[in-house]
Structures are given as C-alpha cells and as structure tokens.
Amino acid sequence: MITLEHVSKVFTSRGQTVRAVDDVSFEVGAGALHVLIGPSGSGKTTTMRMMNRLETISAGRIIVDGQDVQTLDVVELRRRIGYVIQQGGLFPHFTVADNVAVVPRLLGWTRRRRRERAEELLALVGLPPGQFADRYPRQLSGGQQQRVGVARALAADPPIILMDEPFGAVDPITRKQLQRELRRIQAEVKKTIVFVTHDIGEAFLLGDRIVLMAEGRVVQNGTPADLLRRPADPFVTAFIGEDRGLRALGFTRLAELATPPPPDASPERLSLPGSLSVLDA
C-alpha cells in the first residue's frame, strides 16, 4: 500500500544543511497499523508528512497504491489520505457534524449524504449523533474532539490514515481510552494507518509493526515482539526501557514455552489455549 524507497529530506537553515530524513526505506502493508517512533528530531513526523506531500521529498520515492506521490495532483492525493493531528484541528465555527463532513463537502456530496455519513461515523467513534452532531468544538472535551478528528479522517472512506501524535495532548486516562477505541475501530474498518508517537507503550499497544528512528534514519523496523526480543543495538534497548523483559511477556505465547503434551494427555490437562500470552494467562 505504501512504499518508501531511499527517501531523504534536507532542510537549509541559516546557510546550514540539515538532513532531517536520511535514506529511509520501508513498506506499510494494506490494512496494517505502522507506528513511527523515536526521540525528538528523529525525523518521524517529517517522514509521515512526505507521504501526503505536506513536506517535499528531497530524494527517493514514496509509492502509494502503485503511484509515485510526486506525480499525483496534491489536492487529489490529500483527499485520498485521511489526516489526524493533535487536538483534533477542528474548525471552531463548524458543528461537529459539519467538521466530520469537510472532505465529503469538498467532494460535492449532497447535504443529506454528508449528514448520514457524519452520524454513522460519530456512532463508530463512540459519540452518539443525537447528543453530539450539532454541538460545537468548544462544547467538547479534549478526548471528544480527538474522536471527532478520527471520524473526520474516515469521512470520505480513504484507504490510508495518517495520525500525527493524535493523543499527545490529552490526559493519561483519556489517552488509554482513545487507544482502545482506535484498536476497536481499526478492527472494524481495516484502514492502512501510519501513526507517529514518542510513547513506546503506545507503540507496543497499537502497532502491527514499529519503525524506530533516530537522527533521520531507521534503527529498527519490526513487530513489537522483534524489538523486545531482538533489539538491533543498544539504542533500541535503551529507548524501550528497563521493563523490556516484562513487556516481552505480553508478546510471548504459552505455546512457545510449553513442552509438547504426551500422546495420552487428557483434554483437561490442556486447559489454557496456547494463543494466550504469559501475562494474559
């Protein structure tokens, strides 16, 4: 669905050349949720912003659905890619329903169709339309605004969603709720999602794969279990933190630890399914 081939981004500031992204290559499969993570200045947000051409590409190629994004009309490209940012980015003078329907309106949908789509998506993100559709952003909590932002990104049914630290500005309890909501929504809609965060716990909770970046380069690209069990270098180990072993238990299945049962074992002895993680068990 999304392929980055030797992508670089160079900025010039005060006569100095800064290589913000340096020869980055990876693929994001259709229907997968890829997390880009790294310390401040690692290039993760710039990498994501090049996917919908909010930043220009200095070198390399980004391919979306078989097409080089640099050859596509930028407005058409962005209408095909949903985008969620911190604090929702809602229009304060639009109602919630009108905020959700911004892109359908640009696409020429009828008023009735826009309203129906907005109500459908508000229900999907856990905001009953009868209570929320006609409110204004100032009447919502931070978590509710983020839910509206997610609904807006889904409004025109784009195959790809980009999410730039969408839960970074809410309190920890609301953040956990939004993370669980995103997992539920993704299970239903199966979009291709690129999610930027600096929170390693969030990355492990949400990501099918994690791309860990530092100084503009990819340090490791793998599943959460890969990073936990086989960190590529000391930087990965340090970034994950001291509780790496405990986190790894959440990705260790009982089937991996169990010795094969004897041929005459009774079903009662096999009481826990091997698909459970050690922590779940």
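Mentor: Helices (H or I, at least four residues) and strands (E, at least two) are DSSP runs, numbered from the N terminus. The model is predicted: local features need pLDDT of at least 70, side-chain atom pairs count only at pLDDT 80 or more, and totals for chains, interfaces and linings use all residues. Residues are numbered from 1 along each chain as its sequence is written, and side-chain values use heavy atoms, without hydrogens and water.

Trainee: How many helices and strands does the protein chain have?

Mentor: Take the DSSP runs as defined. The secondary structure of the protein chain comes to 13 helices and 10 strands.

Trainee: Which strands stand at the edges of the open six-strand sheet?

Mentor: Strands pair if DSSP finds at least two bridges between them. The order is β6-β7-β8-β3-β9-β10, with mixed pairing. Two strands have a single partner each, so one side of each lacks a neighbour in the sheet: β6 (81–84) and β10 (217–222).

Trainee: In β8, what is the bridge partner of I37?

Mentor: Strands β3 (residues 33–37) and β8 (residues 192–197) pair in the parallel sense, over five bridges. In β8, I37 has as its bridge partner T197.

Trainee: What angle does helix α8 make with β8?

Mentor: Axes are lines fitted to C-alpha atoms, for helices over the stretch in contact (heavy atoms within 4.5 Å). Angles run from 0 to 180 degrees between N-to-C directions. Helix α8 (residues 172–189) lies across β3, β7 and β8, and its angle to β8 is about 165°.
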